[in-house]
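Thanks for making time this morning. Please have a look at the model on the screen, and I will then talk through one residue and a small group of strands.

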Amino acid sequence: MNWHLKENARDHHTSKFSSKELIVRRGQAFTVSFNGTEQPEQNLTFIAETGPKPSKPAKTQATFGISSTMSKESWSAVLQSTSSNSVSISISSPPNAVIGRYKLSVQSTSSGSSSSASLGTFVLLFNPWSSGDDVFMPNKAECEEYVLEEFGIIFAGNKNHINSFGWNFGQFQGDILNICLSMLDRSLNYRQDPATDVSHRNDPKYLGRVLSAMVNANDDQGVLLGNWSGNYEGGKSPGSWTGSGEILQNWKKSGFKPVRYGQCWVFAAVLTTVLRCLGIPTRTITNFSSAHDADGNLRVDEFYDASGNPLDRAADSIWNFHVWNESWFSRSDLGPSYSGWQVLDATPQEESGGIYQCGPASRNAIKEGDVDLDYDCPFVFAEVNADCMYWNYDPATRKKTLIFSQSTIIGQFISTKAVGRDDRVDVTNDYKYEEGSTKERDIFKKARKKLGLEDKFDPTAPTQQEIDQKPDISGKFKVAGPLKVGKDLNLILVLANLQSDAKTVDVNMTAWSTVYTRKPVHEIWKDSTSVTLSPREEKQFPIKIPYIEYQQKLTTDNTIQVTALCHVEGGIQVLVQRDITLDNPAIDIQVLGEAKVNKEVDVEVIFTNPIDTEVMNCVLQVEGNDLLRGILEIDIPPLKASEKSSTKLKLIPFETGPKHLLVNFSCDKFTDIKTFKMVNV
């Protein structure tokens, strides 16, 4: 049997897989040849079957002879050439075939007796290059990026300060395809009814939903265990991963025990790897000021005590950022206007259908407020549209007082990587109409109505009178100096009297270290002051939080929430807050010389300790597809104050083209300093 691996892989865009097995895409012909038979068209029948109980009604088994033309609707075979001892045959599958690993066998009948032979196995994937496929993507550059590109950029930070880091999706590496297929065979659906589950594997919306559940460990012993506590003992900190390969390999090596630990971008990156591997065009999306609306009322409530401390008492929260996925496929269940990008989210936030899974939610449905459509549209709609209510809560009396409400801060700078470039593209307008426009408010009302929130009395909601009250003063925090780990944090609290009479204000200020979900972890600093503002006066109050005060308390996210709760005499309270993300020091990569296939090239990684104390436990982690195999870990000796370290390593690239080298540096004072370098091989 000759599977013509090289030619078929080239035609089917599967050359990047490093497999000895044939990997092809559905709805497109592939060629095989074998030694054999005198009159093949008269006496050969092929059988292709997949799953534990192959059957024709379930479309997991196909029997087909040799015909004169290819069929668009079913499996078919066409004779290409015969010679005295060899037959070459072109086999094609329908564009809606079940994907997965198939067994191919052949029966031959001659002079009344028949014999059958197994020809081996091949893997069938989705085909975004084929117009009949649900995942068809007409733009070839987008197919290259969203299916074949193994490097990605993920956006993080907060709405005032967007940063980004590289990620190695590595969907074509080593054993990843087999791990993705075994992920499907470990899902709850497969365990409950294997044959039915396999028969649904022709449908990208089914697979997307199943995999959104399998990437998190909740319910099904899936790939990654989430941890948002700020303490990552017993596993790897979510910020330390640089690619999906290590996570998926670890999951398999451990006998499929959940890998510790993930947070949203890790779940999203792993789901990107799995879906791109199977041929579904997929990308990561970052939403800044992302709402987690736990109770489905399109409103997020946050609580503060009288001293201005954030209280962790609501299930709702507003994350500095949240990362999910979009996958591209048609929605035959909803109609053509809901096809295109679909939101999937593997981060375990709320249950859907009794398990932690989310999507696919049509992005068009989100924009139009069609929250009654499958799947999980209300949750995704709230992530980008919820209204925010900030409350003062008194634990003694259990009384809560509305400080203020906002309808324009959720869902900002929604970001993804550009096609073919390492830039950020803003897709906010694809999720909603412009904030503040009447169309945006109309859509919000439409969504509330569809969810039955308009007619229902909500005892937890503020009164219109509370919402309409106007504050006497305004306030904001201004940054007055560098936002860098290792430097003192300098801010200015600016308070302005909006009235024509003097106001006395008691100000309670706090600073807490948080994780990126804005969950408070450690109190860093507090202060209070009393101030009188003359009519229309603006006053500035400098704030300094020294590095030594926050250094021990910072989480690996480098985030601090600063709050000033202003009690205005005779008026309503005013809450001033700012989320601050501190930047790590820079790390630099230099490629010394020209990178050529199978030739050694030196790379230098340079880091300078920016603080005036020694840093210890320094570790450098390096990975890069087609540049080195696996992940390189290098221990670096301690660095004295202001000392520079230079680490040289050798690469032997094994593929030509633009490749990305990813570096992660950690020590006792700085965690997960990331950078990447494009290397042209």
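Where is Asp458 found? Asp458 lies in the loop between helix 13 (438-450) and helix 14 (464-468), where helices are DSSP runs of H or I with at least four residues, strands are runs of E with at least two, and both are numbered from the N terminus.

Before going further, I should say that this is a predicted model, in which local features need pLDDT of at least 70 and side-chain atom pairs count only at pLDDT 80 or more, while totals for chains, interfaces and linings use all residues. Residues are numbered from 1 along each chain as its sequence is written, and side-chain values use heavy atoms, with hydrogens and water left out.

Back to the loop: Asp458 counts as partly exposed because its relative accessibility is 27%, the class between buried, under 20%, and exposed, over 50%, with a 1.4 Å probe and protein chains only. Leaving aside neighbours within four places in sequence, Asp458 is in contact (heavy atoms within 4.5 Å) with Asn297 and Arg299. The C-alpha atoms of Asp458 and Cys377, which are 81 residues apart along the chain, are separated by 21 Å.

Turning to the strands, strand 4 (residues 61-67) and strand 5 (residues 76-82) pair in the parallel sense over 2 bridges, and pairing here requires that DSSP finds at least two bridges between two strands. Ser67 has Val78 in strand 5 as its bridge partner. Strand 5 also runs antiparallel to strand 6 (residues 86-92), to which 6 bridges join it, and these two strands form a hairpin with 3 residues between them.
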